Amino acid sequence: MADLVVTALGPVRLVELNRPEQLNAMSEELHTGLMSVWDEAVADPEARVIVLTGRGRAFSAGGNLGTMTRVQRDRAFRERQVDEARGIITGLLRCPLPVIAAVNGPAVGLGCSLALLSDLVLIADDAYIADPHVQVGLVAGDGGAFVLPLLVGLTRAKELLFLGDRVSAEDAVRLGIANRAVPGDKLMDEAMDLARRLAALPVQALRETKRAVNRHLEQALDTVMEPALLAERDTMHSAEHIAAVERITAARGRR
């Protein structure tokens, strides 16, 4: 799969979003691949840890305008996108292998959710995280409303989701969104070192500890994530979202 590359590095599986010219924004292929990659890693008997990152200068810019436009007009495609988003979130959450996000650049929208739902987050010191769903007329359904309150508290989560402001690497660590900030040229070395440390731990103890801690997130799946995801689906063809996408498309066309 060209848009999602998985490389075996001993016990570590390096999962790379591979659309660097598009800042690793979601294509149909990448979105579908992210739904199944977690189970595929688990099925590999030699895999112990996953490192998730983006190629190029971004982790992921989230959705792309072409997909947004099609989602507005095509109900079947819209339902499929929502089903895949649900699979991406639950697959990452329930993956028994520990997942390290190496946030090498902007992590926006679904890219933000991928980072926040990872078990450990290393972020390049010049990178940032943002969830701008509301700014483009969408409910923050594919992760933000679900996980951010558990990380930063309700009041701060509302601020970040309502305003969509960028969170710097320093602030991400301060708020508990990331474990530590790392110089960009050292990011992958540190992520791989951390992955090897995890891979050397007793497998059952590590996996069951992750499962136990993630029960806090599991409790919010039905009560928060599912209603939020369905609400996002309903805003995908709203007049406000359509107008927002048209404004962004027009602005890019004038550049």
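**Stop 1: a small group of strands**

Begin by selecting strands 5, 7 and 8 in this predicted model. Together they make an open sheet of three strands in the order 5-7-8, and the pairing is mixed. Strand 5 (107-108) and strand 8 (167-168) are the edge strands, each pairing on one side only. Strands in a sheet pair through backbone hydrogen bonds, either parallel or antiparallel.

Now look at strand 5 beside strand 7 (residues 128-130): two bridges join them in the parallel sense. Which residue of strand 7 stands opposite Ala107? Click on Ile129 to see that partner.

**Stop 2: strand 6 and its partners**

Next, select strand 6 (120-124). Four of its five residues are buried, so strand 6 is largely enclosed by the rest of the structure.

Add strand 4 (residues 99-103), which runs parallel to strand 6 and is joined to it by four bridges. Then add strand 9 (residues 180-182), which pairs with strand 6 in the parallel sense over three bridges. Ile123 is a good residue to label here: it is the bridge partner of Val103, and it also stands opposite Ala181 in strand 9.

**Stop 3: Ser118**

Step back along the chain to Ser118, in the loop between helix 4 (110-117) and strand 6. Is Ser118 buried or exposed? Its relative accessibility is 8%, and buried means under 20%, so Ser118 counts as buried.

Show its side chain and you will find that it reaches the backbone oxygen of Leu114 at 2.8 Å. Leaving aside neighbours within four places in sequence, Ser118 is also in contact with Leu52, Leu92, Val99 and Ala101.

**Stop 4: the nonpolar core**

Leu114 leads to the next stop, as it is among the residues with the most contacts inside the largest nonpolar core. That core has 76 residues, and Val103 from Stop 2 is another of the well-connected ones, along with Leu34, Trp38, Val51, Phe146 and Ile177.

Select Ile177 and look around it. Not counting residues up to four places away in sequence, Ile177 touches Leu116, Val121, Ile129, Leu148, Val152, Leu160, Val167 and Ala172.

**Stop 5: the largest pocket**

Finally, switch on a surface view. Rolling a probe the size of a water molecule over the atoms shows where empty space is left. The largest pocket holds about 1000 Å³ of space. Of its 38 lining residues, those closest to the centre are Ala61, Gly62, Gly63, Met68 and Val108.

Which helix gives the most to this lining? Colour helix 2 (65-73), which supplies four residues. Helix 3 (75-94), strand 7, helix 10 (215-235) and helix 11 (239-253) each supply at least two.

Methods: Residues are numbered from 1 along each chain as its sequence is written. This is a predicted model: local features need pLDDT of at least 70, side-chain atom pairs count only at pLDDT 80 or more; totals for chains, interfaces and linings use all residues. Side-chain values use heavy atoms; hydrogens and water are left out. A nonpolar core is a set of buried Ala, Val, Leu, Ile, Met, Phe, Trp, Tyr and Cys residues joined through side-chain atoms within 4.5 Å. Buried means under 20% relative accessible area, exposed over 50%, partly exposed in between (1.4 Å probe, protein chains only). Contact means heavy atoms within 4.5 Å. A polar contact is a pair of N or O atoms within 3.5 Å; within protein, one must be able to donate a hydrogen and the other to accept it, and residues adjacent in sequence count only if both atoms are side-chain atoms. Two strands pair if DSSP finds at least two bridges between them. On a 1 Å grid over the protein atoms alone, a cavity is a set of points where a 1.4 Å probe fits but cannot get out, and a pocket is an open set with protein on both sides within 12 Å along at least five of seven lines; lining residues have an atom within 4 Å of a point. Grid points are joined across faces, edges and corners, and a volume is the space filled by probe spheres set on the points.
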